[in-house]
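Here's a quick briefing to read with the model open beside you. Have a look at the chain, then work through the points below.

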Amino acid sequence: MGARILVVEDEEALTTLLRYNLEAAGYEVETVAQGDEADTGLKERIPDLLILDWMLPGLSGIELCRRLRARPETKELPIIMLTARGEESERVRGLATGADDYVVKPFSVPELLARVKSLLRRASPARLASILTFGDIELDRDRHRVARSGRPIDLGPTEYRLLEFFLEHPGRVFSREQLLNSVWGRDVYIDERTVDVHIGRLRKLLNPDGEADPIRTVRGAGYALDEQFANATE
């Protein structure tokens, strides 16, 4: 699964350019043209990185950035601000509002891609790692294999994606809706109970001999990888 990037930009030609190059680089890309629409969508699904235009119809990029930094669930979201404003005072304002990086239009696409990769590496090293580990569980992305204590585990496609997603965000609690949106995709309409079924299958496959369960059920909230499990198996 490539990192998910949300592009909030109202210039159609630039949006097309960004989507093409980001997808060519292996990222999953979603685009939105208005700040208000982005604000609503970010309450439902949080990407791995946000590319945000300063000037947007309706809610401005600078105001959206301010709102995101005020919310616990998005306060650490990596944000790259795009703008035609190149003055130092404006760059300072954008960074002070909470943007992690600042790119002035027109810009070099290779430079932007380099900034995206650098920011993702700092914010979420697991997104770029070939091998993900948690306690005695290891997932090898290149070979598409999973093992526990060195013993191979055969996972179905959905269970593999679920485990990979959890390993990218160890300890973080995800609701059923968030898991549906992130693992199955927002355009797939299935019942939230489907998540429970696949979580159950993943647990059985990871714990065939009654080993400690790495997945924690948080009543009324969702599921997470249990950090106590990781500490106990170190």
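H144 sits in the loop that runs between β7 and β8 (145-148), and its phi is near 55 degrees, a positive value in a residue other than glycine. Bear in mind that this is a predicted model, and every value here is computed from it. The backbone oddities come first, then the overall layout, the cores, the helices, the pocket and a few single residues.

**Backbone oddities**

- As background, most residues other than glycine have a negative phi, and most peptide bonds are trans.
- S149 also goes against that habit: its phi is positive, about 55 degrees, although it is not a glycine.
- You'll find S149 in the loop between β8 and β9 (151-153), and it is exposed, with a relative accessible area of 55%.
- The peptide bond from K105 to P106 is cis, with omega near -10 degrees.
- P106 belongs to the loop between β5 (101-104) and α5 (109-123).

**Overall layout**

- The chain has 10 helices and 11 strands.
- Of its 234 residues, 47% are buried.
- Take the contacts in the chain with a separation of 6 or more: 58% of them are between residues 24 or more positions apart.

**Nonpolar cores**

- In soluble globular proteins, nonpolar side chains tend to be buried together.
- Here the largest nonpolar core has 26 residues, and L162, L163, F166 and L179 are the ones with the most contacts inside it.
- At least two residues of this core come from each of β6 (131-134), β7 (137-140), α7, α8, α9 (193-206) and β11 (222-225).
- The biggest giver is α7, with 6 residues in this core.
- What does F166 touch, leaving aside its neighbours within four places in sequence? The list is F174, L179, I199, Y223, A224 and L225.
- There's also a second, separate core of 20 residues, and its members include V32, I46, L56 and L77.

**Helices α1, α2 and α3**

- L22 is in helix α1 (residues 12-24) and is buried, at 1% relative accessible area.
- Not counting neighbours within four places in sequence, L22 is in contact with I5, V7, Y27, V29, I51, L113 and V116.
- L22 and V7 are 15 residues apart in sequence, and their C-alpha atoms are 10.0 Å apart in space.
- In helix α2 (residues 35-44), the buried residues are G35, A38, D39, G41 and L42.
- The cover over those buried α2 residues includes β1 (4-8), β2 (28-32), β3 (49-53) and α3 (61-70).
- α3 has its own buried set: G61, I62, L64, C65, L68 and R69.
- Looking down the axis of α3, these buried residues fall within an arc of 160 degrees, so they line one face of the helix.
- That pattern is easy to follow from helix geometry: an α-helix has 3.6 residues a turn, so residues three or four places apart point the same way.

**The largest pocket**

- The largest pocket holds about 470 Å³ of space.
- Its lining is made of 23 residues, and I46, P47, E73, H169 and R172 lie nearest its centre.
- α7 (157-168) and α8 (176-184) each supply at least two residues of the lining.
- Which classes of residue make up the lining of the largest pocket? There are 10 charged, 8 nonpolar and 5 polar residues.
- I46 turns up in two places: it is among the residues nearest the centre of the largest pocket, and it is part of the second core.

**Around α9**

- G200 lies in helix α9 and counts as partly exposed, at 26% relative accessibility.
- The C-alpha atoms of G200 and E159 are separated by 9.6 Å, although the two are 41 residues apart along the chain.
- D213 is in the loop between α9 and β10 (215-218).
- Is D213 buried or exposed? D213 counts as partly exposed, with 29% relative accessibility.
- Leaving out residues up to four places away in sequence, D213 touches R203, N207 and F229.
- D213 and L225 are 12 residues apart in sequence and 9.1 Å apart in space, C-alpha to C-alpha.

Terms used. Residues are numbered from 1 along each chain as its sequence is written. This is a predicted model: local features need pLDDT of at least 70, side-chain atom pairs count only at pLDDT 80 or more; totals for chains, interfaces and linings use all residues. Side-chain values use heavy atoms; hydrogens and water are left out. Buried means under 20% relative accessible area, exposed over 50%, partly exposed in between (1.4 Å probe, protein chains only). Helices (H or I, at least four residues) and strands (E, at least two) are DSSP runs, numbered from the N terminus. Contact means heavy atoms within 4.5 Å. On a 1 Å grid over the protein atoms alone, a cavity is a set of points where a 1.4 Å probe fits but cannot get out, and a pocket is an open set with protein on both sides within 12 Å along at least five of seven lines; lining residues have an atom within 4 Å of a point. Grid points are joined across faces, edges and corners, and a volume is the space filled by probe spheres set on the points. Ala, Val, Leu, Ile, Met, Phe, Trp, Tyr, Cys and Pro count as nonpolar, Asp, Glu, Lys and Arg as charged, and the others, Gly among them, as polar. A nonpolar core is a set of buried Ala, Val, Leu, Ile, Met, Phe, Trp, Tyr and Cys residues joined through side-chain atoms within 4.5 Å. The arc is that of the directions from the helix axis to the C-beta atoms.
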